Amino acid sequence: MGGFGSGGHNSKGRRIVESQYRLDASDLKRRGLCRTGNLSSLFWKGSDSAPGPSLKVVGGEDAITLVYSWKRGDQPWQEHEERVALRHHQRHFGGYETYFVCPRCACTVKRLYGSGVRYLCRTCHNLVHASTQERPGNRATRKNQKLRRRIGAEIGLGDWIGPKPKGMHRKTFERISEQIHAAEAEVYDDMLVLLNRMQRRTATHSARMSGPQNGGDFWR
């Protein structure tokens, strides 16, 4: 799929959320596109050699209309128009929150993704978050860094966490410290798994290169 609506893929062939063109219901509400008669054009950043795609949104209280062009391979560009219903839910403290109704499955969602011809929800496009494609050690490393920043500690593994930040409750600091240690333990466990896997591959490769070991000459 080329042109507008064609998203990125990861190395495993699964499309990831972070590489798709995204529509956010809250953003459209801030732009005033949840009112009938309002019209706006959205632009995505492209590369230096080619501009990014654009999308025209026709506002409405109960539904918006998306108008854009798309193409597949070397085929000519085609105009596409899609009506997307809206749902509004009252907030507990006043006001309301706006959601999309996915044009395919009719689920209530905050975001639609342009992966292919249509703007659909993450489930209908079978999208996954990039973090789900990572090793456990990568996720644990990010968690460790996030927790360390929260208490102003040095970023790293096994480094001294430091004193309790001023104004933070002792129990909160101890809880975060335990979470940091748990995340670091997960990182080390994942490193051990990778090391064992590399050692098994090295041993297998060495066995294949050495050939039969039955006391005779391999080339005889």
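How many residues does the hairpin that joins S3 to S4 run through? The hairpin takes 4 residues to get from S3 to S4. Hello everyone, and thanks for coming. Before we go on, please keep in mind that this is a predicted model.

Let's stay with that hairpin for a moment. S3 and S4 run antiparallel and are joined by 3 bridges. Across this pairing, Lys56 stands opposite Val67 in S4. On its other pairing, S3 meets S2, again in the antiparallel sense, over 5 bridges. Here Leu42 has Leu55 in S3 as its bridge partner.

Now look at the side chains of S3, which covers residues 54–58. In a regular strand, side chains alternate between the two faces of the sheet. In S3, Leu55 and Val57 make up a covered face, while Ser54, Lys56 and Val58 make up an uncovered one.

Next, the sheet around this hairpin. It is an open sheet of 6 strands, in the order S2-S3-S4-S5-S6-S7, with antiparallel pairing. Strand S2 (39–43) and strand S7 (108–109) are at the edges with a single partner strand each, so one side of each has no neighbour in the sheet. At the S7 end, strand S6 (residues 96–101) pairs with S7 over 2 bridges, in the antiparallel sense. Val101 has Thr108 in S7 as its bridge partner.

There is also an open sheet of 3 strands, ordered S1-S8-S9 and paired antiparallel. Its edges are strand S1 (21–24) and strand S9 (119–120), and since each has a single partner strand, one side of each is left without a neighbour in the sheet. S1 is joined by 4 bridges to strand S8 (residues 111–114), and the two run antiparallel. Asp24 has Arg111 in S8 as its bridge partner.

So where do the aromatic rings come in? The structure holds 1 aromatic pair. Tyr68 and Tyr119 meet edge-to-face, with 5.7 Å from centre to centre and 75° between the planes. This pair links distant parts of the chain, as Tyr68 is in strand S4 (residues 63–70) and Tyr119 is in strand S9, 51 residues apart. Both Tyr68 and Tyr119 are buried.

Two lysines also meet tyrosine rings. The charged end of Lys29 sits over the ring of Tyr96, 3.9 Å from its centre. Lys110 lies over the face of Tyr99, at 4.9 Å from the ring centre.

Lys110 comes up again when we turn to Ser26. This serine is in helix H1 (residues 25–30), and it is buried, with a relative accessible area of 18%. Leaving aside neighbours within four places in sequence, Ser26 is in contact with Glu97 and Lys110. With Glu97 there is a polar contact from side chain to side chain, at 3.1 Å.

Last stop, the cysteines. Why does a search of the whole structure find 0 disulfides? A disulfide is a covalent bond between the sulfur atoms of two cysteines, and to count here the sulfurs must be within 2.5 Å. For Cys105, the closest cysteine sulfur belongs to Cys107 and is 3.5 Å away, which is too far for a bond. For Cys121, the closest is in Cys124, at 3.6 Å, again too far for a bond. As for their surroundings, Cys105 is partly exposed at 32% relative accessibility, whereas Cys121 is buried at 4%.

That's my tour; I'm happy to go back to any part of it.

Note on methods:
Residues are numbered from 1 along each chain as its sequence is written. This is a predicted model: local features need pLDDT of at least 70, side-chain atom pairs count only at pLDDT 80 or more; totals for chains, interfaces and linings use all residues. Side-chain values use heavy atoms; hydrogens and water are left out. Buried means under 20% relative accessible area, exposed over 50%, partly exposed in between (1.4 Å probe, protein chains only). Two strands pair if DSSP finds at least two bridges between them. A polar contact is a pair of N or O atoms within 3.5 Å; within protein, one must be able to donate a hydrogen and the other to accept it, and residues adjacent in sequence count only if both atoms are side-chain atoms. Contact means heavy atoms within 4.5 Å. Rings of Phe, Tyr and Trp (its six-membered ring) pair if their centres lie within 6.5 Å; planes under 30 degrees apart count as stacked, over 60 as edge-to-face and the rest as tilted. A charge sits over a ring if NZ of Lys or CZ of Arg is within 6 Å of the ring centre and within 35 degrees of the ring normal.
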